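Trainee: I would like to go through the cysteines and the nonpolar interior of this protein. Please show me the model.

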Amino acid sequence: MPIAAARSEAPPALAVRGLGKRFPGVTALDQVSFEVRPGEVHALVGQNGAGKSTLINIVSGMLGADAGEIDIAGRPVTIADTRAAIAAGIATVYQELSLLPNLTVAQNIALGREPRRRGLLDVGAMRGRAAAVLDRMGLSIPAETRVGLLSLAERQLIDIAKALSSDPSLLILDEPTAPLGRTDCDRLFAAVRRLRDGGIAILYVSHRFAEVLHLCDRVTVLRNGRTVVTAPLAGWTEARLTEAMIGRRTEAFVRTPAAAPGPERLAAKQLRWRERVRGVDLALHAGEIVALTGLLGAGQNEIARLLGADLVPGDGTILLDGVARTFDHPAEAVEAGICLLTDDRKREGLLPHLSLNDNIALPSLAPPLTTAGFVNAVRERVATKTAAHRFGVVARSLQAPILTLSGGNQQKALLARWDMAQAEVFVLIEPTRGVDVGARAEIYRRLDALARQGKAILVVSSDLPEVLALADRILVVDHGRIAAETRPAAIDEDRLNLLVQGAA
């Protein structure tokens with residue numbers, strides 16, 4: 001019997017039927033049902049807050065369901081915890097990597113399941129097991145390599161290899177390409193296809209619709225905790241996926257570049273930091289959005305952190321409105337009107353245990369919101385409500401804990417924070433990472449509006465369509481230097497990718 005036919009007759013690798021989960025005041029999942037077949041890449045798509053993470057956590061044993069059942073290979077299972085999930089043949093790779101950088105590839109892959117012989121660690125067996133799983137993925141990374149020496153893309157692949165070492169029948173990948181550039185994505189896609197062709201069922205969660213259409217065989221769309229559709233992806237478009245996800249048609253974001261940017265607001269002259277930033281010159285003008293892009297580790301993130309005073313330059317000059325400035329702490333940059341939003345909003349942006357109101361208001365706690373050192377609660381609420389509304393932040397109340405908001409609303413709240421604090425220069429690193437397509441378009445519109453108000457905006461992004469959609473100017477970073485400058489009107493995505501790769 002042909003392999004494809006055998007797979008089509010096999011029971012689903014995963015079947016969820018009538019899955020339900022409630023949290024206080026929220027129905028996260030409501031009668032969710034779908035199947036994932038052996039040897040397919042099945043996309044799970046939905047807006048932030050649609051229920052994807054809850055579903056993944058239930059299937060992987062992190063949460064218990066309130067209703068419904070889960071079948072693995074045609075048999076009902078009870079997944080009480082993560083060990084039960086692994087025993088049932090389920091492996092999950094989350095967006096946050098689970099590797100220990102000081103251990104080797106082999107040690108990470110074997111972690112928690114180290115082979116032993118006569119009570120001692122069997123190093124040879126451990127390396128052999130790692131070599132076998134790396135070969136299964138088509139990777140040539142030596143098992144003795146320390147993980148901390150690997151690129152981010154290689155670490156992502158090693159995390160998948162670690163999951164595969166339990167020999168799962170179902171592999172769940174949660175936003176696996178979120179931190180990766182285009183070339184590294186292609187490498188990961190090749191590994192995923194190899195696993196699919198080997199018969200593994202893969203549940204693939206992603207906000208990037210282009211890769212969903214490129215890689216996945218079928219899709220299940222969740223909306224407000226319910227299954228909207230499960231269907232083959234042949235013939236689907238990004239517009240159709242978007243409409244299924246949010247329940248209405250949306251117009252693609254098209255930005256008209258600034259006709260004539262204003263005066264120079266922020267500039268760098270021969271900026272240096274260790275070996276990562278090597279003599280960078282750039283200028284950012286009022287009313288302009290400038291994008292920095294490049295391969296992972298090329299130095300674009302460090303440039304942004306230097307401009308936002310999160311790093312202190314080893315040499316060079318930063319100028320604000322033509323005046324050389326030295327910032328020893330991010331608070332000094334904030335006071336000067338420069339804000340920095342990093343790519344890790346949960347650890348470096350949000351105050352996780354405080355409310356939406358407190359997260360927006362914090363840097364603005366000065367007159368007129370305070371009198372004699374005391375906060376005027378009425379003025380504060382009016383100001384934060386206005387800021388949240390301006391940026392389209394959706395929450396049940398201003399007092400809702402910030403962590404109860406979706407990723408897109410958290411990011412919009414951070415933008416509202418700095419707009420309310422009257423920042424004049426916005427430095428943003430991967431501003432739409434982990435944000436669904438609907439919230440992404442809203443963030444684009446707000447950044448465009450800020451630029452038209454005269455704000456100067458620097459965006460670091462590895463998402464080339466985002467770069468082309470947003471920027472007035474594009475600066476390509478390579479090995480710590482500005483290697484090229486172009487404009488969206490003068491280049492397309494393929495040619496920009498060649499520039500990023502250093503092949504143009």
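The questions below deal with disulfides, one valine and the nonpolar cores.

Mentor: This is a predicted model, in which local features need pLDDT of at least 70, side-chain atom pairs count only at pLDDT 80 or more, and totals for chains, interfaces and linings use all residues. Residues are numbered from 1 along each chain as its sequence is written, and side-chain values use heavy atoms, with hydrogens and water left out.

Trainee: How many disulfides does a search of the whole structure find?

Mentor: A disulfide is counted when a pair of cysteine sulfur atoms lies within 2.5 Å. For Cys216, the nearest cysteine sulfur is that of Cys185, 12 Å away. The number of disulfides found in the whole structure is 0.

Trainee: Is Val59 buried or exposed?

Mentor: Val59 is found in helix H2, residues 52–59 (a helix is a DSSP run of H or I, at least four residues, numbered from the N terminus). Buried means under 20% relative accessible area, exposed over 50%, and partly exposed in between, with a 1.4 Å probe and protein chains only. With a relative accessible area of 0%, Val59 is buried.

Trainee: Which helix gives the largest share of the largest nonpolar core?

Mentor: A nonpolar core is a set of buried Ala, Val, Leu, Ile, Met, Phe, Trp, Tyr and Cys residues joined through side-chain atoms within 4.5 Å. The largest one has 53 residues, and Met137, Ile160 and Leu171 have the most contacts inside it. Its largest share, 7 residues, comes from residues 152–164, helix H6.

Methods:
Helix = DSSP H or I, 4+ residues; strand = E, 2+ residues; numbered from the N terminus.
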